[in-house]
Amino acid sequence: MKALIISDVHANLTALEAVIEAAGDIEAVWCLGDLVGYGPDPNDCIDRICTLPNLTCLLGNHDAAALGQIDDDAFNLEARTSLRWMRSELTPSHMAFLRALPEMTTEEKLVTLVHGSPRNPVWEYVMDLRIARFNFEYFTTPFCFVGHTHLPVIYQYNADRKLLAYDIPLDGDKIELNAQSIINPGSVGQPRDHDPRAAYAIFDTETNICCFHRVDYDVTGVQKRILLAGLPVRHAYRLSEGW
Ligand code: ZN
């Protein structure tokens with residue numbers, strides 16, 4: 001089975017559509033949370049994601065914040081501004097969709113899916129080797145897909161040899177997962193690795209090959225809509241810089 005893995009869409013419908021078109025035929029979609037926050041299209045992104053085949057969707061920290069599950073003070077001033085805007089935009093049915101999302105799940109005893117980390121599914125950033133190493137204790141499937149940092153990365157741990165390796169996958173990289181792995185596909189709607197193109201991955205559950213991809217989208221159009229919505233200018237600016 002070929003699964004499309006997306007994360008951190010962040011209410012950017014234009015980027016999401018570009019990813020769906022570029023991904024082509026896929027049999028399942030694993031969405032790792034943060035559907036909302038920062039961008040101008042929270043309801044439309046949820047609607048579009050709900051049309052995707054065999055969807056599994058996780059709860060992210062921005063989704064939890066939209067639901068009021070996290071204190072606003074945990075976010076910086078600009079994030080708080082966009083949270084308030086988002087809460088006024090989201091309809092009751094879209095709120096209900098977010099409320100039903102799980103924090104952690106597994107697929108086919110093969111992969112664990114979370115937004116942050118298996119140790120702290122909604123909040124922890126797997127940012128370095130140390131954090132990755134400790135997180136290998138917290139899932140039992142061969143592979144775990146995470147989002148949250150908006151940075152594509154892959155950590156592979158060989159427990160017998162006590163060897164932890166990592167790689168920064170680039171557009172077009174096909175990586176065969178041959179040890180227990182933590183994989184981040186990067187962010188669809190707000191990449192932070194200084195490459196403004198939307199990021200996603202496609203995982204083949206038969207071959208355990210994970211393909212990483214980037215796709216261009218109309219960043220300028222999204223920036224205009226962010227400003228029109230009255231959202232912070234920085235949310236618009238950062239999209240063209242990819243941070
Ligand atoms: Zn995010």
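In this predicted model, residues N43, I46, D47 and C50 of helix α2 meet H94, F97 and L98 of helix α5. By class, the residues of this contact are four nonpolar, two polar and one charged. The axes of α2 and α5 come within 10 Å and cross at roughly 60 degrees. An angle that is neither under 35 degrees, nor over 145, nor from 65 to 115 counts as oblique, and α2 and α5 are therefore oblique to each other. Their crossing is left-handed.

Helix α2 also packs against helix α1. The axes of these two helices come within 9 Å, with a crossing angle of roughly 20 degrees. That makes α1 roughly parallel to α2, since angles under 35 degrees count as roughly parallel. The way α1 passes α2 is a left-handed crossing. On the α1 side the contact is made by L13, L16, E17 and I20, and on the α2 side by D44, C45, R48 and I49. This contact has five nonpolar and three charged residues, and no polar ones.

A further pair is formed by helices α7 and α8. Their axes come within 8 Å and cross at roughly 175 degrees. Angles over 145 degrees count as roughly antiparallel, which makes α7 roughly antiparallel to α8. From α7, the residues V219, V222, Q223, I226 and L227 take part, and from α8 V233, H235, A236, Y237, L239 and S240. Eight of the contact residues are nonpolar and three are polar, with no charged residues.

The axis values of the three pairs are set out below.

| Helix pair | Axes come within | Crossing angle |
|---|---|---|
| α2 and α5 (residues 92–99) | 10 Å | roughly 60 degrees |
| α1 (residues 13–23) and α2 (residues 42–50) | 9 Å | roughly 20 degrees |
| α7 (residues 219–228) and α8 (residues 233–241) | 8 Å | roughly 175 degrees |

The model also holds a zinc ion. Its coordinating residues are D8 and D34, each through OD, and H10 and H150, each through NE2, at 2.1 to 2.4 Å. Along the sequence, these donor residues follow the spacing D-x1-H-x23-D-x115-H. The angles among the four donor atoms run from 85 to 175 degrees, and the site is irregular. Four donors count as tetrahedral if all angles lie between 85 and 135 degrees, so the upper value of 175 degrees does not fit that class.

Terms used: Residues numbered from 1 in each chain as written. Predicted model: local features only at pLDDT ≥ 70, side-chain atom pairs only at ≥ 80, totals over all residues. Heavy atoms only, no water. Axes fitted to C-alpha atoms, helices over the stretch in contact; angles between N-to-C directions. Helix = DSSP H or I, 4+ residues; strand = E, 2+ residues; numbered from the N terminus. Left-handed = near helix turned anticlockwise from the far one by under 90°. Contact = heavy atoms within 4.5 Å. Nonpolar A, V, L, I, M, F, W, Y, C, P; charged D, E, K, R; others polar. Donors = N, O, S within 2.8 Å, 3.2 Å for Na, K, Ca; no water. Tetrahedral: all angles 85-135°; square planar, octahedral: opposite > 155°, others 65-115°.
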